[in-house]
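Q: Could you take me through one part of this protein up close? I'd like to hear about the second largest pocket and what sits around it.

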Amino acid sequence: VGGQSGVGKSSVIRSMENDISVEGLFVEGKFNMNTSNEPYSGVANAFGIICRKIKEAGPETVADLRQDLRKELGDKPGMLVQLIPDLHDIMVVETSDDPTVGSIDRVDETQG
């Protein structure tokens with residue numbers, strides 16, 4: 001939705017939330033071209049909200065999504081994790097009690 005600042009675009013969108021949430025997931029992402037120099041920040045914000053809602057659904061849902069994403073993206077989600085930081089918690093699994101192993105895995109997961 002486009003338009004001048006302060007005309008109520010966000011209010012109009014939020015007024016649809018109840019109708020949309022019945023059969024789907026309602027999220028919003030806002031890009032402010034006057035204060036943000038990050039391209040796609042509104043889309044990234046919306047996907048971050050989706051990631052947080054998925055984490056709230058529980059570990060089984062997270063594991064299912066991780067499996068689906070890895071099948072499609074491989075083991076290197078790289079740019080997506082950089083764009084959507086909340087995706088990191090879905091894609092990375094800590095497999096060791098040694099904190100240095102986990103940190104190495106995290107670095108490797110975000111490359112490529």
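A: Let's begin with contacts across the chain: among those between residues at least 6 apart in sequence, 45% join residues at least 24 apart. Keep in mind that this is a predicted model. The protein has 7 helices and 0 strands, so if you read along from the N terminus, the pattern is simply α-α-α-α-α-α-α. Of its 112 residues, 21% are buried.

Now for your pocket. The second largest pocket holds about 160 Å³ of space. Around it you'll find F47, I50, C51, I54, L65, L69, L80, I84 and L87. Two elements give two or more residues each to this lining: helix 3 (41–56) and helix 4 (59–73). Helix 3 has the largest share, with 4 residues. What kinds of residues make up the lining, nonpolar, polar or charged? It's 9 nonpolar, with no polar and no charged ones.

Set that beside the largest pocket, which has about 630 Å³ of space. Its lining takes in 20 residues, and V1, K9, S10, K30 and F31 lie nearest the centre. Here the mix is 6 nonpolar, 11 polar and 3 charged. Helix 1 (residues 9–15) gives the most to this lining, with 3 residues.

Back to helix 3, since there's another thing to see there. Side chains of opposite charge can pair when their charged atoms come close. A search of the whole structure turns up 2 salt bridges. In one of them, the side chains of D86 and R52 meet at 2.4 Å, N to O. R52 belongs to helix 3, while D86 is in the loop between helix 5 (78–83) and helix 6 (88–91), so this pair ties together parts 34 residues apart in sequence. R52 has 36% relative accessibility, so it counts as partly exposed.

The other bridge brings together the side chains of D89 and K55, at 3.0 Å, N to O. D89 sits in helix 6 and K55 in helix 3, so again the pair links parts that are 34 residues apart in sequence. Both partners are partly exposed: D89 has a relative accessible area of 42%, and K55 comes in at 29% relative accessibility.

So what should you look for on helix 3? Find the 4 residues it gives to the second largest pocket, then R52, which pairs with D86, and K55, which pairs with D89.

Methods:
Residues are numbered from 1 along each chain as its sequence is written. This is a predicted model: local features need pLDDT of at least 70, side-chain atom pairs count only at pLDDT 80 or more; totals for chains, interfaces and linings use all residues. Side-chain values use heavy atoms; hydrogens and water are left out. On a 1 Å grid over the protein atoms alone, a cavity is a set of points where a 1.4 Å probe fits but cannot get out, and a pocket is an open set with protein on both sides within 12 Å along at least five of seven lines; lining residues have an atom within 4 Å of a point. Grid points are joined across faces, edges and corners, and a volume is the space filled by probe spheres set on the points. Ala, Val, Leu, Ile, Met, Phe, Trp, Tyr, Cys and Pro count as nonpolar, Asp, Glu, Lys and Arg as charged, and the others, Gly among them, as polar. Buried means under 20% relative accessible area, exposed over 50%, partly exposed in between (1.4 Å probe, protein chains only). Contact means heavy atoms within 4.5 Å. A salt bridge is a side-chain nitrogen of Lys or Arg within 4 Å of a carboxyl oxygen of Asp or Glu.
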